[in-house]
Amino acid sequence: GLAAPFVFNNVSTDVSSPGGAATGLAGVGIDTPAELAFANIRYFADGSERPDFVFNQEQYRSASIMIVGLNYGTGSSRSGAITRPLAAWGVRVYIGESFGPIFLTNAMQYGVLTVELPRRTIDRIADWVRANPGIPMTVDLERQVIEMPGLEPIAFETEARKRNKLLTAIDDLDEINPHLPAARTKRAEDERERPWVYDYRSSG
């Protein structure tokens, strides 16, 4: 897909997913999840688009990949930091130097890939994106490589469990279910061997 460069450090979830009332834009009809993505830096007070915001620029309006900086997605636990850009532009991949831990958890829950790379590599990717408007890049999770025409492929690593869940489209419950019979058997064995641990059920 196409990529959009948004290489700033310490971008909080309040930026990508601001509270509706906090934007002051409800009065001009901007109130859907997709419209509220990055609303405080995306629009002027009258609801018109700010030309300096990356997704308002014609070459990035359909970007599905975001190139971000250090510590992206910090702050409060707002799943809207994932779901709003997903609804607005279909952002399915974030490539950055590092991410807030809650942002990483929410990304996993919604099937969105996060790729961490050194800042020098991030800057090189962002430079390529700016120099090649309208040319798609490939983020291949199966082979764990980023490909851009004219550049050598860039390898990345994704934790094996996370990679498997994204490639097979399974959620936490799907992942747990195959192990439940063995867990129940182990629990029963433990109850027989250490019954005093389970006395809490008859106490009180």
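Guide: Two strands pair if DSSP finds at least two bridges between them. Helices (H or I, at least four residues) and strands (E, at least two) are DSSP runs, numbered from the N terminus. This is a predicted model: local features need pLDDT of at least 70, side-chain atom pairs count only at pLDDT 80 or more, and totals for chains, interfaces and linings use all residues. Residues are numbered from 1 along each chain as its sequence is written, and side-chain values use heavy atoms, with hydrogens and water left out.

Visitor: What is the strand order in the open sheet of four strands?

Guide: Strands of a sheet pair through backbone hydrogen bonds, either parallel or antiparallel. In this sheet the pairing is parallel. The order is β1-β2-β3-β4.

Visitor: Which are the edge strands?

Guide: Look for strands that pair on one side only. These edge strands are β1 and β4 (113-116).

Visitor: By how many degrees are neighbouring strands of this sheet turned against each other on average?

Guide: Axes are lines fitted to C-alpha atoms, for helices over the stretch in contact, and angles run from 0 to 180 degrees between N-to-C directions. For this average, direction is ignored. The turn between neighbouring strands is 20°.

Visitor: Which residue in β2 is the bridge partner of alanine 3?

Guide: Strands β1 (residues 3-6) and β2 (residues 65-68) run parallel and are paired over four bridges. Within β2, alanine 3 has as its bridge partner isoleucine 65.

Visitor: Are Ala3, Pro5, Ala4 and Phe6 of β1 buried or exposed?

Guide: In a regular strand the side chains alternate between the two faces of the sheet. In β1, Ala3 and Pro5 point one way, Ala4 and Phe6 the other. Buried means under 20% relative accessible area, exposed over 50%, partly exposed in between (1.4 Å probe, protein chains only). By that rule, these β1 residues are all buried.

Visitor: Which residues of β2 are buried?

Guide: Both faces of β2 are covered. One side carries Ile65 and Ile67; the other carries Met66 and Val68. The buried residues are therefore Ile65, Ile67, Met66 and Val68.

Visitor: Which residue in β3 stands opposite methionine 66?

Guide: Methionine 66 is the bridge partner of alanine 4. On to β3: β2 and β3 run parallel, joined by three bridges. There, opposite methionine 66, stands tyrosine 94.

Visitor: Is the β-α-β crossover from β2 to β3 right-handed or left-handed?

Guide: The chain leaves β2, passes through α5 and enters β3. A crossover is right-handed if, with the strands pointing away from the viewer, the path from the first strand over the helix to the second runs clockwise. This crossover is right-handed.

Visitor: Which residue in β4 is the bridge partner of glycine 96?

Guide: β3 and β4 run parallel, with four bridges between them. In β4, glycine 96 is partnered by glutamate 116.

Visitor: What covers the buried residues of α5?

Guide: Helix α5 (residues 80-89) buries Gly80, Ala81, Ile82, Arg84, Pro85 and Trp89. Contact means heavy atoms within 4.5 Å. The cover includes α1 (13-16), α3 (33-36), α4 (39-42), β3 (93-96) and α6 (101-109).

Visitor: Within what arc do the buried residues of α8 fall?

Guide: In α8 (residues 160-168), Lys162, Lys165 and Leu166 are buried. They line one face of the helix, because their arc, seen down the axis, is limited. The arc is that of the directions from the helix axis to the C-beta atoms. Its value is 95°.

Visitor: Which residue's backbone nitrogen does a side-chain oxygen of glutamate 159 reach?

Guide: A polar contact is a pair of N or O atoms within 3.5 Å; within protein, one must be able to donate a hydrogen and the other to accept it, and residues adjacent in sequence count only if both atoms are side-chain atoms. At the start of α8, the glutamate 159 oxygen comes to within 3.1 Å of the backbone nitrogen of arginine 161.

Visitor: What is the phi of phenylalanine 38?

Guide: Most residues other than glycine have a negative phi, and most peptide bonds are trans. Phenylalanine 38 sits in the loop between α3 and α4. At 0% relative accessibility, phenylalanine 38 counts as buried. Its phi is positive, near 55°.

Visitor: How many residues apart in sequence are alanine 4 and proline 133?

Guide: Alanine 4 is buried, at 0% relative accessibility. Leaving aside neighbours within four places, its contacts include Val54, Phe55 and Tyr60. C-alpha to C-alpha, alanine 4 and proline 133 are 9.3 Å apart. In sequence their separation is 129 residues.
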